[in-house]
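Here is a friendly walk through the charged and aromatic side-chain contacts of this model. Please keep the structure open beside you as you read.

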Amino acid sequence: MRSRRRAMVVACFLAPALLIFIVYRILPLVWNIVLSFEYWSPLHPATWAGLDNYQEMLLDDDVFWQALWNTLIFLGSQPVAIAMALGIALLVNSDLKGASVYRTIVFLSYPLMTVAVAIIWHWMYNERGGLINYALRQLGIIHQPIAFLDSFAWALPSTIVANTWQVLGFFMIVLLSGLQNIPPHLYEAARVDGAPAWARFFRITLPMLRPSIFLCLVIGMLNSFSAFDLIYVMTNGGPGHATELLITYIYKEGFVSTRFDYAAALTVAQFAILLLLTWIAHRAVGGNAGAIE
Amino acid sequence: MRLRRVLLSRFFIVPAVLLLGTGVWNVYVARHDHGLLEGRVIDAAGKPVAGATVILSVHDFVTQVEKARTRTDATGQFRFDNNPSHLIQLQAQDGALASPRVTIRLWFRSQDRVVAQPLRLAPRA
Amino acid sequence: MRKMWWRHAALIVISIIMLAPFYWLLKTAVTSENIYEYPPHLLPVRPQLFNFVDVWYLIPFPRYLFNSIVVSLIAVAGNLVLNAMAGFALTLPFVGRRSVIVLLLSCTLIPFQATIIPAYLITAHLGLLNSYLGLALPLLSTIVCIFIFKASFDAVPRSLIDAARIDGLGEMRILLRVMLPLSTPAIATNIVLSFIWSWNNFLWPLIITRSQDMQTLPLGLARFLSYMEDTTGALYAFVVMVLAPGLLVFLMAQSAFMRGLTTGATKG
């Protein structure tokens, strides 16, 4: 009787939140999975397509592979950002005067609207009025302005820089809290044993930071979703798909070309890739979401 | 006691100050938005010019569109009563002489303004 | 002591790099020059605030601000209620608890962009298109926040909970009287995270709003990109206006936020 009453309470308490997720996450995912195996447009009824959409995606669609490659590069920049954030966190962690000021300054970019960040950085990269070209030319590094967002080589790295700028503060905060939770006596013991600084870092700091790093990796992956806003406003996938991510490609196929069925196949593919990457990240930090014994 | 802590917290003070500032500004705007524009026209030597035509143009998306004209009185002063815009241009003309187009930017629409610099007539270029 | 000097220097360089875009934005918003002239000046030329006046009359900024505030309030309130309840339910042992947790965790991998078409159709079906509730509905609960609450509730000593149960308090009372008062960092984190996500949300309002006067701030910003390709800093003045409320809220709440985020990060 007790457990039945509790089960009812649990159900009632979970129901509203679960309902939101079922309606707005799970149902759409299932809808997408089903749709990826069909031909459908809003005017015609759905017909079974088997694996045709996937075949087109994998064999005939160069943009898909370009978008996939770009997405992987984008995701690959996240560990770099995490490493940089770790460096900043280490700097801020000491009993530094004004540490909270530095913390706030680095974190300030995170709560901004991604649309605004895109506009700001679009302007920063501008050939005439932008700070980046101006600084590079003043320092004598280049002599002609580089059209960063219009060049095939520089567009994607430029957007990655903008994204890193925005997300660095968040990683720093997570890593900082992880650092502050490492018991100091571990360091004391190591110092007594005569371990040099770099050994202390690799043997104590990094392993103890595993849960924080895992969290950063996951957030970094989710961040590739919100990159939609950034790319959409900064380059819209251009020039010529050089900055096309899977996420923007899905949007274009779905809403601009109204090929909802094909977009559904792309969505399923992206979901599968993310699952795979999460599993890899899980393994990389030693399983069990990096929890420490 | 709890109430006092709430009142002194920054979550209350900051919005309260903002609201207060907005209120004061709105009162100021309401009392000064009659669209009055006053100024003077002088010639190249610095003497006031009576009977000169002054043209008021209003910013209309891309260009300036002429809205009203008036003439200066005996002391060289002119006055417009119904300026509706926040971005206007003034130009004085008197026969073969004209002043440069002066752009005036206001803080809000129809702000009452006494134009500080007089419009100086010179032969048209 | 020497080490401190070195750290300060490095941090100052980093701070300059992180603040440079903000400065460039502000400088462009208040400068009087033609912003496309090369070379750009490092300081604003004859700084003036009239760009803000122009933007004010060109774009219904108060309306967008109001819409954003209403939607965020609904989202934050909904998040607090729903997440606290769900987080509490997850601390109780019940059949299938692990499956529910795994299910929720995997939901985070579903990108929002993948859900927009069905979500749009469902919202239209509910008649909530172009309404505040429709704008806030997908954001009424976030999984990360549920787990933040759960971690915080897990940390409450069992003795307190058992004592409350012995006293005959029902589950809802336990949540309200015992758990929540001990979880103020989690509440603060929830508020700030859900506020940020609903305030900055761009794609969902883009799809859901049908009329201009229901648009939110990010939407207004993106819409007017094409309107304002002129040589003044008007667009950047608009960006400053749009960013100001968010930054203000963040600066006021930052210590609570960072504290709460770190609690959630280490316990999760």
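Which class does Y28(B) fall into: buried, partly exposed or exposed? In this predicted model, Y28(B) counts as partly exposed, with 37% relative accessibility. W25(B) is also partly exposed, at 42%.

**Aromatic pairs**

W25(B) and Y28(B) form a stacked aromatic pair, with 5.9 Å from centre to centre and 25° between the planes. The two residues sit three apart in helix α2 (residues 10–31) of chain B, so about one helical turn separates them. Over all chains, the count of aromatic pairs comes to 32. One of them joins W123(A) and Y36(C) edge-to-face, at 5.5 Å centre to centre and 90° between the planes. This pair crosses between chains: W123(A) belongs to helix α5 (residues 114–124) of chain A, and Y36(C) to the loop between α1 (2–30) and α2 of chain C. Its two members differ in class, because W123(A) is buried at 2% relative accessibility, whereas Y36(C) is partly exposed at 23%.

Ring pairs also build a cluster from W121(A), Y125(A), F148(A), W154(A), W165(A) and F22(C). Elsewhere, a charge meets a ring: K27(C) lies over the face of W24(C), 4.1 Å from the ring centre.

**Salt bridges**

Searching the whole structure gives 10 salt bridges over all chains. Three of these are set out below, including one between chains.

| Partners | N to O distance |
|---|---|
| R259(A) and E253(A) | 3.6 Å |
| E66(B) and R69(B) | 2.8 Å |
| R105(B) and D54(C) | 2.5 Å |

In the pair from chain A, E253(A) is buried at 10% relative accessibility, while R259(A) is partly exposed at 28%. In chain B, E66(B) is partly exposed at 43%, and R69(B) is partly exposed at 48%.

Where does the pair of R105(B) and D54(C) cross between chains? The pair runs from strand β7 (residues 102–105) of chain B, which holds R105(B), to helix α2 (residues 50–58) of chain C, which holds D54(C). R105(B) counts as partly exposed at 23% relative accessibility. D54(C), at 19%, is buried, because the cut-off for buried is under 20%.

Salt bridges that share partners also tie E56(A), E253(A) and R259(A) into one network.

How values were computed
Residues are numbered from 1 along each chain as its sequence is written. Chains are lettered from A and ligands numbered from 1 in the order in which they are written. This is a predicted model: local features need pLDDT of at least 70, side-chain atom pairs count only at pLDDT 80 or more; totals for chains, interfaces and linings use all residues. Side-chain values use heavy atoms; hydrogens and water are left out. A salt bridge is a side-chain nitrogen of Lys or Arg within 4 Å of a carboxyl oxygen of Asp or Glu. Buried means under 20% relative accessible area, exposed over 50%, partly exposed in between (1.4 Å probe, protein chains only). Helices (H or I, at least four residues) and strands (E, at least two) are DSSP runs, numbered from the N terminus. Rings of Phe, Tyr and Trp (its six-membered ring) pair if their centres lie within 6.5 Å; planes under 30 degrees apart count as stacked, over 60 as edge-to-face and the rest as tilted. A charge sits over a ring if NZ of Lys or CZ of Arg is within 6 Å of the ring centre and within 35 degrees of the ring normal.
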